Amino acid sequence: MASMEGVSDYLFGLIPNHTVDPVGVARWLVCKNYWGTLWHVVSFSDGFPDRGRGIPYFYLTKYDITVRNIEKDPKVAFAVSELGLGPVSGRDPQDPTVTKLTMTGKLKKLDRNSAEGKFALSVLEAKHPGMKKWPADHDFEPYKLEDIKDLFLLFETGGPVHVNVKEYLRYPKKMAE
């Protein structure tokens, strides 16, 4: 398994892309990001800072179009981008050299009083402290992306890479800087 050393240098265009493994890039991108896109931009967390588990958790309101849509069909695509980590040399989000990951799976509402629901809330609040102040009357609830079927990574100008889901989930829990 490749080290995470050099991943941030690769992502910011400082070293050649062939020195990094796709599984590591995918896990790093999910661990370090604060937001991604379901039907629109959403905040998420996959674990405590630098200890991402690779499974995205969300805090969504019943007023969110995503929640209304998954009541009919829980299948979703969730996308994160290198640009979510901050400005990258003025590049356009659609630039093929901007690293992007799309995950497909099912969005599941968690019981906030279950062990996993409490974990989701704690990692979301660790990454997004402002969530504690969100309006109680909006009925926010924790959700997770489960049953991940496909990981589609764009991180080289040579084309997309399908990341093996089992390898992605097995990757070390503690993400290195």
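## Two positive phi angles

D139 is found in the loop between α4 and β6. This is a predicted model, and in it the phi of D139 comes out near 55°, a positive value in a residue other than glycine. Most residues other than glycine have a negative phi. As for cover, D139 has a relative accessibility of 35%, so it counts as partly exposed.

Where does D147 lie? D147 is in strand β6. Its phi is near 50°, again a positive value in a residue other than glycine. D147 also turns up in the salt bridges, so we'll come back to it after a look at the overall layout.

## The overall layout

The protein chain has 5 helices and 7 strands. If you walk along the sequence, you meet them in the pattern α-α-β-β-β-α-β-β-α-β-β-α. Of the 177 residues of the chain, 44% count as buried.

## A helix with plenty of cover

Why is helix α2 described as largely enclosed by the rest of the structure? Helix α2 covers residues 22-32, and 10 of its 11 residues are buried, so the rest of the structure largely encloses it. Buried here means under 20% relative accessible area. The buried residues of α2 include the nonpolar V23, V25, A26, W28, L29, V30 and C31. G24 is on the buried list too, and so are R27 and K32, which are charged by class.

## Just past α2: a nonpolar patch

Y34 sits in the loop between α2 and β1, the strand at 35-37. Together with W35 and V41, Y34 makes a nonpolar surface patch of about 300 Å². How exposed is Y34? The relative accessibility of Y34 is 42%, so this residue counts as partly exposed.

## The largest pocket

Rolling a probe the size of a water molecule over the atoms shows where empty space is left. Here, the largest pocket holds about 160 Å³ of space. It has 13 lining residues, and those that lie nearest its centre are T37, A79, V80, S81 and K100.

Which strands supply the lining of the largest pocket? At least two residues each come from β1, β4 (75-81), β5 (100-109) and β6 (141-154). By class, the lining is made up of 7 nonpolar, 5 polar and 1 charged residues. K100, one of the residues nearest the centre, is charged by class.

## Salt bridges around D147

Side chains of opposite charge can pair when their charged atoms come close. A search of the whole structure turns up 5 salt bridges. One of them joins K106 and D147, with the closest N and O atoms 3.9 Å apart. That pair links distant parts of the chain, since K106 is in strand β5 and D147 in strand β6, 41 residues apart. D147 also forms a salt bridge with K149, and there the closest N and O atoms are 3.2 Å apart. Put together, K106, D147 and K149 are linked in a network of salt bridges.

How exposed are the members of this network? K106 has 34% relative accessibility, so it counts as partly exposed. D147, at 36%, also counts as partly exposed. K149 reaches 59% relative accessibility and therefore counts as exposed; the cut-off for that class is over 50%.

D147 has a contact of another sort to look at in the backbone. The C-alpha atoms of D147 and I55 are separated by 9.8 Å, while the two residues are 92 apart along the chain.

## A second bridge from β6

What partner does K144 meet in a salt bridge? The side chain of K144 meets that of E116, at 2.9 Å from N to O. K144 lies in strand β6 and E116 in helix α4 (residues 115-127), so the pair ties together parts that are 28 residues apart in sequence.

The two partners fall in separate accessibility classes: K144 is buried, with a relative accessible area of 14%, whereas E116 is partly exposed, with a relative accessible area of 25%. The line between those two classes is drawn at 20%.

## Strand β6 in brief

To finish, here is β6 (141-154) gathered in one place. This strand supplies at least two residues of the lining of the largest pocket. It holds K144, the partner of E116 in helix α4. It also holds D147, which has a positive phi and bridges to both K106 and K149.

Technical notes:
Residues are numbered from 1 along each chain as its sequence is written. This is a predicted model: local features need pLDDT of at least 70, side-chain atom pairs count only at pLDDT 80 or more; totals for chains, interfaces and linings use all residues. Side-chain values use heavy atoms; hydrogens and water are left out. Buried means under 20% relative accessible area, exposed over 50%, partly exposed in between (1.4 Å probe, protein chains only). Helices (H or I, at least four residues) and strands (E, at least two) are DSSP runs, numbered from the N terminus. Patches are made of residues with over 30% relative accessible area and no salt bridge: like charges are joined within 9 Å, nonpolar side chains (Val, Leu, Ile, Met, Phe, Trp, Tyr) within 5 Å. Accessible areas come from the Shrake-Rupley method with a 1.4 Å probe; for residues, only the protein chains shown count as cover. A salt bridge is a side-chain nitrogen of Lys or Arg within 4 Å of a carboxyl oxygen of Asp or Glu. On a 1 Å grid over the protein atoms alone, a cavity is a set of points where a 1.4 Å probe fits but cannot get out, and a pocket is an open set with protein on both sides within 12 Å along at least five of seven lines; lining residues have an atom within 4 Å of a point. Grid points are joined across faces, edges and corners, and a volume is the space filled by probe spheres set on the points.
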